[in-house]
Amino acid sequence: MPERVIIMGAAGRDFHNFNVRFREDAGCRVVAFTATQIPRIADRLYPPVLAGPLYPDGIPVFPEQALTDLIRRHDVRRVVFSYSDVAHVEVMHRAGLVTAAGADFVLLGAAGTMLTSRKPVVAVCAVRTGCGKSQTTREVCRILSARGMRVVVVRHPMPYGDLSAQVVQRFSTYADLGRHHCTIEEREEYEPLVAQGIVVFAGVDYEKILRAAEKEADVIVWDGGNNDTPFFKPRVHLTVFDPHRAGHERLYYPGETNMRMADIAVINKVDSADPEKVAAVRRNISQYAPCADIILSQSALRVDDASVIRGKRVLVVEDGPTLTHGGMSFGAGLLAARKWHAGEIVAAGPYAVGSLREVFKNYPHVTEVLPAMGYGPGQMADLSRTIAAVPCDLVLCATPAALRPLLAIDKPVVQVSYTYRDGGKPSLARVLLRKLRHGGTGATGAE
């Protein structure tokens, strides 16, 4: 009898692990996925068109809370943990639950889930959500494009809709974002790259996505999600660190893996972080990724019109995932409000509507700002109603994608963003181009 398997996930890494390790393995039978972190991704089906001939009925997706019952009901022998940005202690709590129920708890090795590209790959990853991958990805694309290379970005999956329609997605225009019914979270990642003139691929089946991207690219840039490891084997593995959360590079899965695998370690936000924390991150990199080149970078604030902020009562809207499973309590918006002397920062929590109430309940560390949660039309409507309810003069919108075209906002809006800036020498361009010519260090980390 095939060994029965459950894959624990959050609509991304879990599907990829199935595709590359289990889809064609007749010795195993994946009886279910479980889902967490992202709203409304459970209680659906991984469809037969993606699951393959061994799964003519597809594979059901259940909430993670059902895991123990599923293990016992289906006599499951192996549970594969397949999502990211989870504290090491929380990973082991899940291991305790699984092993107590009678199954093995498995973490797949990073290299064993990477596809091999015929084109060189630069992977941009991180040790936590919200370190600054997106601006670093844009800078990598700028550096390579300026040297005449055709650059295509492949983004970590965010398949929150109809999986059958999301096998391979290609974005080169704003119209493509609408055609694929992108959520706010997807737009935040794709829109700035499209504005830069970069073609972006995403979806569910990354073998097919990779082959499509190779046809258009001289170099493929892997744009990671959360703190996950790359789906493609990189020639250069770049990992971004956040000194505001110094030490987290050793405390979260699989962020520590990214640290140990890094060819280039970018310590970001050195313009706003405590120098002692920057030094602490540098020490960890030197100890656990001694072959990595260390780059210092700044997250430079960019604001449409800073003059209108002074003295105003402002509502700060920040990137949702950075605040939720990223664990941050602030982002670019709050920094901008303070830098340009807002009169008052109005907390959104007391005015939250619908699903946003649950967000504030589940993430009590978020007190001053509003997470831009928009994983579907209902949550986007709740976000719009919450913004409308907050008594403020101005909305500081620090989401990578502009919200005004997506939501009905009846207040003045000032857009805030981060942009990459070298924070010292050597420059990212110098190190990246050298690594790309000669390959990465092959670093696997130190004991």
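**Figure 1. The lining of the second largest pocket, sorted by residue class, in a predicted model.** By class, 10 nonpolar, eight polar and three charged residues make up the lining of the second largest pocket in this predicted structure. The lining counts 21 residues altogether, and Thr36, Gln37, Ile38, Pro39 and Asn362 are those that lie nearest the centre of the pocket. Helix 13, which runs over residues 355–362, supplies the largest share of this lining, namely four residues. The space in the second largest pocket comes to about 410 Å³. As background to such a view, rolling a probe the size of a water molecule over the atoms shows where empty space is left.

**Figure 2. The aromatic pair of Phe33 and Tyr46.** The structure holds 15 aromatic pairs, and one of them is formed by Phe33 and Tyr46, whose rings meet edge-to-face with 5.3 Å from centre to centre and 65° between the planes. Phe33 belongs to strand 2 (residues 28–35) and Tyr46 to strand 3 (residues 44–46), so the pair ties together parts that are 13 residues apart in sequence. Phe33 counts as buried because its relative accessibility is 0%, and Tyr46 is buried as well, with a relative accessible area of 0%. Ring pairs also link these two residues with others, joining Phe15, Phe18, Phe33, Tyr46 and Tyr55 into a cluster.

**Figure 3. The aromatic pair of Tyr206 and Trp222.** Tyr206 and Trp222 form an edge-to-face pair in which the ring centres are 5.9 Å apart and the planes stand at 75° to each other. This pair links distant parts of the chain, since Tyr206 is in helix 8 (residues 206–214) and Trp222 is in strand 12 (residues 219–223), 16 residues apart. Both Tyr206 and Trp222 are buried.

**Figure 4. Arginine side chains placed over tyrosine rings.** The charged end of Arg29 sits over the ring of Tyr55, at 5.5 Å from the ring centre, and Tyr55 is also one of the residues in the cluster linked by ring pairs. In a second example, the charged end of Arg128 sits over the ring of Tyr252, where the distance to the ring centre is 3.6 Å.

**Figure 5. Salt bridges of Glu90 with Arg94 and of Asp242 with Arg245.** The count of salt bridges in the structure comes to 27. In the one between Glu90 and Arg94, the closest N and O atoms are 3.3 Å apart. Both of these residues lie in helix 4 (residues 88–100), and the four residues that separate Glu90 from Arg94 correspond to about one turn of the helix. Glu90 counts as partly exposed because its relative accessible area is 34%. Asp242 forms a salt bridge with Arg245, with 2.9 Å between the closest N and O atoms, and here Asp242 and Arg245 are both buried.

**Figure 6. A salt bridge between Asp293 and Lys435, and a network of salt bridges.** The side chains of Asp293 and Lys435 meet in a salt bridge, with an N to O distance of 2.9 Å. Asp293 lies in strand 16 (residues 293–303) while Lys435 lies in helix 15 (residues 428–438), so this pair ties together parts that are 142 residues apart in sequence. Asp293 is partly exposed at 21% relative accessibility, whereas Lys435 is buried at 4%. Elsewhere in the chain, salt bridges that share partners join Arg118, Glu207, Arg211 and Glu214 into one network.

**Figure 7. Backbone details in four loops.** Most residues other than glycine have a negative phi, and most peptide bonds are trans. The peptide bond from Tyr253 to Pro254, however, is cis, with omega near -10°, and Pro254 is placed in the loop between strand 14 (252–253) and helix 9 (255–261). Another cis bond runs from Lys425 to Pro426, with omega near 5°, and Pro426 is found in the loop between strand 21 (413–422) and helix 15. Asn226, a residue other than glycine, has a positive phi near 50°; this residue sits in the loop between strand 12 and strand 13 (236–241), and Asn226 counts as buried at 16% relative accessibility. Lys269 is not a glycine either, yet its phi is positive, at about 65°. The place of Lys269 is the loop between strand 15 (264–267) and helix 10 (275–288), and Lys269 is buried, with a relative accessible area of 4%.

Definitions and conventions: Residues numbered from 1 in each chain as written. Predicted model: local features only at pLDDT ≥ 70, side-chain atom pairs only at ≥ 80, totals over all residues. Heavy atoms only, no water. 1 Å grid on protein atoms, 1.4 Å probe; cavity = no way out; pocket = protein on both sides within 12 Å on 5 of 7 lines; lining within 4 Å. Points joined across faces, edges and corners; volume = space filled by probe spheres on them. Helix = DSSP H or I, 4+ residues; strand = E, 2+ residues; numbered from the N terminus. Nonpolar A, V, L, I, M, F, W, Y, C, P; charged D, E, K, R; others polar. Phe/Tyr/Trp six-rings, centres within 6.5 Å; stacked < 30°, edge-to-face > 60°. Buried < 20%, exposed > 50% of the residue type's maximum accessible area, 1.4 Å probe, protein only. Lys NZ or Arg CZ within 6 Å of the ring centre and 35° of its normal. Salt bridge = Lys/Arg side-chain N within 4 Å of Asp/Glu carboxyl O.
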